[in-house]
Amino acid sequence: MTLTLDNHSQNQESSLTKALRQIQQLNSRIQELEQHHQDYMRSQKNLIAAIAEICVSPMQEVQALRILIYRGEAACRQYLRSLLIKQSQAS
């Protein structure tokens, strides 16, 4: 009887230990994802500020935002670089 109770206690402890480890892993993953999200949001805010600063007309701003929405950050940055090059060549 004692052996059965000890074995059951060990199984229960093992299950609790396993659940605790899984919770800790999930918490770590959540923290990692939150950090990625914050980095992404900071990057987007910087990109929106760059759009406002670089674009000289409302049409350019609309185009930059469309590119950002439909093609992503890299394409939008490329568009902004092309605008900067055109502006420097025009000066």
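These exercises work through a core, two cysteines, a contact pair and a surface patch in a predicted model.

**Exercise 1. The core**

Find which residues make up the largest nonpolar core, and which element gives the largest share.

*Solution.*
- Step 1: list the members. The largest nonpolar core has 12 residues: L47, I51, I54, C55, A64, I67, L68, A75, C76, Y79, L80 and L83.
- Step 2: assign elements. Helices α1 (2–54), α2 and α3 (73–90) each give two or more residues to this core.
- Step 3: rank the shares. Helix α3 supplies the largest, with 5 residues.

**Exercise 2. The cysteines**

Decide how many disulfides the model holds, and classify C55 and C76 as buried or exposed.

*Solution.*
- Step 1: recall the bond. A disulfide covalently links the sulfur atoms of two cysteines.
- Step 2: set the cut-off. The two sulfur atoms must lie within 2.5 Å.
- Step 3: count. The total is 0 disulfides.
- Step 4: check C55. Its nearest cysteine sulfur belongs to C76, 7.7 Å away, and C55 is in no disulfide.
- Step 5: check C76. For C76 the nearest cysteine sulfur is that of C55, at 7.7 Å, and C76 is likewise unpaired.
- Step 6: apply the burial cut-off, under 20% relative accessible area. C55 has 6% relative accessibility, so C55 counts as buried. C76 is buried too, because its relative accessible area is 0%.

**Exercise 3. E61 and L80**

Locate E61, give its exposure, and compare its contacts with those of L80, leaving aside residues up to four places away in sequence.

*Solution.*
- Step 1: place E61. The residue sits in helix α2.
- Step 2: read the exposure. At 31% relative accessible area, E61 is partly exposed.
- Step 3: collect the E61 contacts. E61 touches I51, A52 and C55.
- Step 4: collect the L80 contacts. L80 meets L47, A50, I51, I54, C55 and A64.
- Step 5: intersect the lists. I51 and C55 appear in both.
- Step 6: take the separation. E61 and L80 stand 19 residues apart in sequence, and their C-alpha atoms are 9.6 Å apart in space.

**Exercise 4. The surface patch**

Identify which residues make the nonpolar surface patch, and state whether Y70 is buried or exposed.

*Solution.*
- Step 1: name the members. I48, L65, I69 and Y70 form a nonpolar surface patch of about 450 Å².
- Step 2: find the main contributor. Helix α2 (residues 58–71) gives the largest share, 3 residues.
- Step 3: place Y70. Y70 is part of helix α2.
- Step 4: classify Y70. Exposed requires over 50% relative accessible area. Y70 has 68%, so Y70 is exposed.

Conventions
Residues numbered from 1 in each chain as written. Predicted model: local features only at pLDDT ≥ 70, side-chain atom pairs only at ≥ 80, totals over all residues. Heavy atoms only, no water. Patch = residues over 30% accessible without salt bridge, like charges linked within 9 Å, V, L, I, M, F, W, Y side chains within 5 Å. Areas by Shrake-Rupley, 256 points an atom, 1.4 Å probe, with all protein chains shown as cover. Salt bridge = Lys/Arg side-chain N within 4 Å of Asp/Glu carboxyl O. Buried < 20%, exposed > 50% of the residue type's maximum accessible area, 1.4 Å probe, protein only. Contact = heavy atoms within 4.5 Å. Core = buried A, V, L, I, M, F, W, Y, C linked by side-chain atoms within 4.5 Å.
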